[in-house]
Amino acid sequence: IGGPIIRDKTFFFTSYEGTRVRRERIYNSTPVPTAFFQGNFSSSSRQIRDPLTGQPFTGNIIPADRIVSSAKFFFPYILQPNSADGRFRAVASEPSDTDEIMVRVDQQLTDKQRIYGRYVINDFTTILPQYRPDVTQDNSTKQQNVGLNYTYAMTSTTLFTVGANYLRSLNLFTTPVAGEENLTEQAGIQGFPTPGREEMIGLPTVGFTGYEGFGAPWGTPGRLWFESQSGKASVN
């Protein structure tokens, strides 16, 4: 939309663009076998040995009283099979929204002088499911740009122009599984200092060779920003 504010003097232009993307992430993951939670590794070709004696466990089964409580604490966070073939299958929504607004005002100062100002804002948000649908990363990026330009037709062959621009971009990464609960402390695991890094507490990253592990999304919580200023003047 655009038009005059003051006839032959002041003009405006504004625009809006919105994008909505609705897609889904399909899960077909290989979780840790349910029997492993009871210490039953009889289906594994790898021999499990007692760390205290160095001898193999009978039948590749770890006695229940040898499984430490700190490990059991994280059992609910481990991906578990939900289908007959022992895999984890699910579908999770992965939406993203983009909104962009632009406003510009032009002012005819004299027959030879003109100035305009422009403001643009671009706002992007998305939700990214992680190792399971209920663990997500919320990603938002807001970019703002302001520009000002002055033009003076000094003579029929000489044009003077001066302009300035400012750009600010802010990217935020957040997740509901970071900065809320100190899970390693609750599990009784020592050696992870918390003071000064309270925002980083939460779900630790754990990997299982050959199976799906778990952990908080990469880079969360995180904050990245970029600012840029520029100016130019020219006579042509």
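Which residues are linked in a network of salt bridges? Arg20, Arg22, Asp97 and Asp99 are. A salt bridge here is a side-chain nitrogen of Lys or Arg within 4 Å of a carboxyl oxygen of Asp or Glu.

Before going on, a word on what you're looking at. This is a predicted model, where local features need pLDDT of at least 70 and side-chain atom pairs count only at pLDDT 80 or more, while totals for chains, interfaces and linings use all residues. Residues are numbered from 1 along each chain as its sequence is written, and side-chain values use heavy atoms, with hydrogens and water left out.

**The overall picture**

Let's start with the whole chain. Its secondary structure comes to 2 helices and 11 strands. Both kinds of element are DSSP runs numbered from the N terminus: helices are H or I with at least four residues, and strands are E with at least two. Reading from the N terminus, the order is β-β-β-α-β-β-β-β-β-α-β-β-β. The radius of gyration is 29 Å, well over the 18 Å that the globule rule gives for 236 residues, so the chain is more spread out than a compact globule. That radius is taken over C-alpha atoms, and the globule rule is 2.2 Å times the number of residues to the power 0.38. If you drew a box around the C-alpha atoms along the principal axes, it would be roughly 95 × 40 × 30 Å.

How much of the chain is tucked away? Of its 236 residues, 28% count as buried. Buried means under 20% relative accessible area, exposed means over 50%, and partly exposed is in between, using a 1.4 Å probe and protein chains only. The accessible surface comes to about 15200 Å², and 55% of that belongs to carbon and sulfur atoms. These areas come from the Shrake-Rupley method with a 1.4 Å probe, and for residues only the protein chains shown count as cover.

Now for contacts, meaning heavy atoms within 4.5 Å. Take the contacts with a separation of 6 or more: residues 24 or more positions apart account for 62% of them.

**Charges and their partners**

The chain carries 22 positive and 22 negative side chains, and the centres of the two sets lie 6 Å apart. In that count, Lys and Arg are positive and Asp and Glu negative, with His and the chain ends not counted. The place of a charge is taken as NZ of Lys, CZ of Arg, CG of Asp or CD of Glu.

There are 10 salt bridges by the rule given at the start. Here are some of them, with the distance between the closest N and O atoms:

| Acidic residue | Basic residue | Closest N and O atoms |
|---|---|---|
| Glu94 | Arg23 | 3.6 Å |
| Asp106 | Arg114 | 3.1 Å |
| Asp134 | Arg132 | 2.8 Å |

Look at Glu94 and Arg23, which form a salt bridge. Glu94 lies in the loop between strand 4 (88-93) and strand 5 (96-108), and Arg23 in the loop between strand 2 (10-21) and strand 3 (24-29), so the pair ties together parts that are 71 residues apart in sequence. Glu94 is buried at 16% relative accessible area, whereas Arg23 is partly exposed at 46%.

In the other pairs, Asp106 is buried at 9% and its partner Arg114 is partly exposed at 41%. Arg132 counts as buried, with 17% relative accessibility.

**Backbone oddities**

A few spots in the backbone are worth finding. The peptide bond from Thr220 to Pro221 is cis, with omega near -5°. You'll find Pro221 in the loop between strand 10 (211-214) and strand 11 (222-235).

Asp8 isn't a glycine, yet its phi is positive, at about 65°. Asp8 sits in the loop between strand 1 (2-6) and strand 2, and it is exposed, with a relative accessible area of 55%. Asn60 also has a positive phi, near 60°. Asn60 is in the loop between strand 3 and helix 1 (69-73), and is Asn60 buried or exposed? At 10% relative accessibility, Asn60 is buried.

**Two strand residues to track down**

Ile26 is in strand 3 and counts as exposed, at 68% relative accessibility. From Ile26 to Gly191 is 165 residues in sequence and 37 Å in space, C-alpha to C-alpha.

Val103 belongs to strand 5 and is partly exposed at 37%. Leaving out residues up to four places away in sequence, Val103 touches Phe13, Thr14, Gly117, Arg118 and Tyr119. Tyr77 is 26 residues from Val103 along the chain, and their C-alpha atoms are separated by 48 Å.
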